[in-house]
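Thanks for coming, everyone. I'd like to walk you through a complex that you haven't seen before, so let me put it up on the screen.

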Amino acid sequence: MAKQSDTYFELTYEPPWKGIHVDLPDNKIPGNYTPSATNWIPRSGELRTRPRLSQLIANLPDGSQPTGINSFTDSNNITHTIAVSTTGLWQLNSNWRQFKGKEWSLVGRFTNPYSVNSPASIQVFLDQLYFVIGDFNLWNWSGLTPNSLSSLPALTSIAKYDIAHNLLAGAVFLGELNAQLILLNTIEQQNIPSKAATNFTQRIRWCASGQPTVWDPTVNIGAGFNDELDVPDVITGFLTIGRNGFVFRTNGITEMTSISQGVLPFDFNHLWASERGIGNVFPFSISGYGPVGCFVSTDDVYELSLGGFKKIGGVARNAIYVDLAAAIAPPISSMFPSFSLAYPYLTYKIAIPMPGQITKNWCYFVEADAWFPWVERTGIETGKTILVPTL
Amino acid sequence: MSKALSNIASLKPCKLLLEIRQISNTDGNSIGSRGTGGGGGGGASPLAPKGASNLSLITSTGGINGTSSLLLVPIYITHLQKFVFASFDPTNFNCEEDCFYNFKMEDMKLGRNVDVHKVYLQYRDLGKVTFTVSVSAMLLNRKTNKSTLNNASKDLILGTGDGLIHSKFIDLKVQGERPQLSITRKANNGPLSIIAAMLVGNMAEEEQL
């Protein structure tokens, strides 16, 4: 806002701070936007240097790469904060602050991994932990084994889709809908006896209702699979909002609705099946929190909620896409409700690995409806940022 | 007294032996024992009988209470060549990276030079911070018809951490078109919280041509 007499002027810059604006020249944007900035966070009308990023918990004992973090509460009402790495599953010890170097304990190692290049896709279901890592296993841990009364192995691969031939299935993405675990973009053991695995990029597989260990349709007709043959692209993510599942593809979205508990439990409706369309371009750019989900498509960043789709890239979109184009590895997004329990602030963050081994985060602060970029020269983010119990 | 009670009364006191052992998994990472309901750590216990006998007695393997949460970021630290778990600390705004913020470039009137002579800053004092306020403008040389960048800046050290809102006038003199206010703060130089800013100056009145 400018206050002027004939020659004297005062130009003021006031909140709300709305972040990056690259849709107009630097001298034509509104005064509460910025043509360029880095490492700021707007909140409560103030523009602050962003929260400090520092190492909190040491590396895993075997030095392996973490590909996912999550937490779940087991049937004894005990919370487990876990890390999936390229070698196995680890959990955070309750006394991690006191005993340096003893922060993590091994739950179980993976056996025969086919590929561990993708970030882990994790789902909590019926008080237990389930996850996939882009190989032919759906891993399960109850939080109870092994213990003083059970010699069961801690980590088990449970999706046996062909019991007669002992064949296992895994996937790149995992979700839950209608009390059924859903494997998407599956990887399945084939070719008896070598059991080499094949990637079915258009396949969706589900377990019997409420029975996450039953995947063979000949054992229970509630289990089954569907190949998305009507669409020309591959599955790149999954999100559930209310009773609907949204299967994301590179150039489209398929709505997955629960219709029964029988042979065909789901109806698949391709919202569009065109060769080019709004879809999730980057496999790990989908993130959701409650009734809101966000993803990166070819033409914009979208927010998906009960009200439908909304473009949120806004006046910062072009700057975000310049960085996405310069990425040296797939970007990983996260959506978290707060930075700590005392600092609630719903944020969608796209971590882009950039040349020079640095991470450029594009943060969308939902309350402020503003995009701000954060640069981390420390290194590359290797999994989703997540708010998890630590004590 | 009933027969059952008399039997209890006749019982002799006995000793209860409590043995505490360190439980280790195959990698040798010891796991602290949990309290009520928590059970022991991961890895097969040396005391474990073979097979579960009573599901209702199965305890959890490790775990935490889940009373306090933090934001965890799995990150590969390039210079250490290590994968660690970092966190954004919302109680500490002393960001470990350089920060800069460029305000809107101002067009007072097309083709008019302005003289900026002051910057006003309103900020919340979160602690000692060192930063730079600068104003730049493009100065057009009428004879050569070429523009050059004019810039003036001032380094400031402010703050005691009282959490109150403060004001500051900064003398900065710059002449040219499209003045632009910028704030830069080097890595680890303290927390800065801006509430409002203002550019103060005069616009030249001379004819353009």
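Okay, so let's go straight to where the chains touch. Chain A brings 92 residues to the contact, and chain B brings 88. Keep in mind that what you're looking at is a predicted model.

Which parts of chain B supply its side? At least two residues each come from β1 (69–77), β2 (82–89), β3 (99–105), β7 (165–185) and β8 (193–203) of chain B. The biggest giver is β8(B), with eleven residues on that side. And if you sort the residues of chain B that touch chain A by type, you get 41 nonpolar, 33 polar and 14 charged.

Now have a look at β3(B). Strand β5 of chain A, residues 36–38, pairs with β3(B), antiparallel, over three bridges. If you want one spot to find on screen, S36(A) has N102(B) as its bridge partner in β3(B).

How confident is the predictor? For the complex, the ipTM is 0.88 and the pTM is 0.85. Chain B has an average pLDDT of 78, with 71% of its residues scoring at least 70. Among the elements of chain B, that same β3(B) has the highest mean pLDDT, 97, while helix α1 (residues 3–9) has the lowest, 47.

Two stretches to watch, then. Residues 1–6 of chain B stay under 50 in pLDDT, and the model gives them one contact beyond four places in sequence. Residues 14–54 of chain B are below 50 as well, though in the model this stretch has 84 contacts beyond near neighbours in sequence. Where pLDDT is low, don't read the predicted coordinates in detail.

Terms used:
Residues are numbered from 1 along each chain as its sequence is written. Chains are lettered from A and ligands numbered from 1 in the order in which they are written. This is a predicted model: local features need pLDDT of at least 70, side-chain atom pairs count only at pLDDT 80 or more; totals for chains, interfaces and linings use all residues. Two residues are in contact if their C-beta atoms, placed from the backbone, lie within 7 Å. Helices (H or I, at least four residues) and strands (E, at least two) are DSSP runs, numbered from the N terminus. Ala, Val, Leu, Ile, Met, Phe, Trp, Tyr, Cys and Pro count as nonpolar, Asp, Glu, Lys and Arg as charged, and the others, Gly among them, as polar. Two strands pair if DSSP finds at least two bridges between them. pLDDT is the predictor's confidence in each residue, from 0 to 100.
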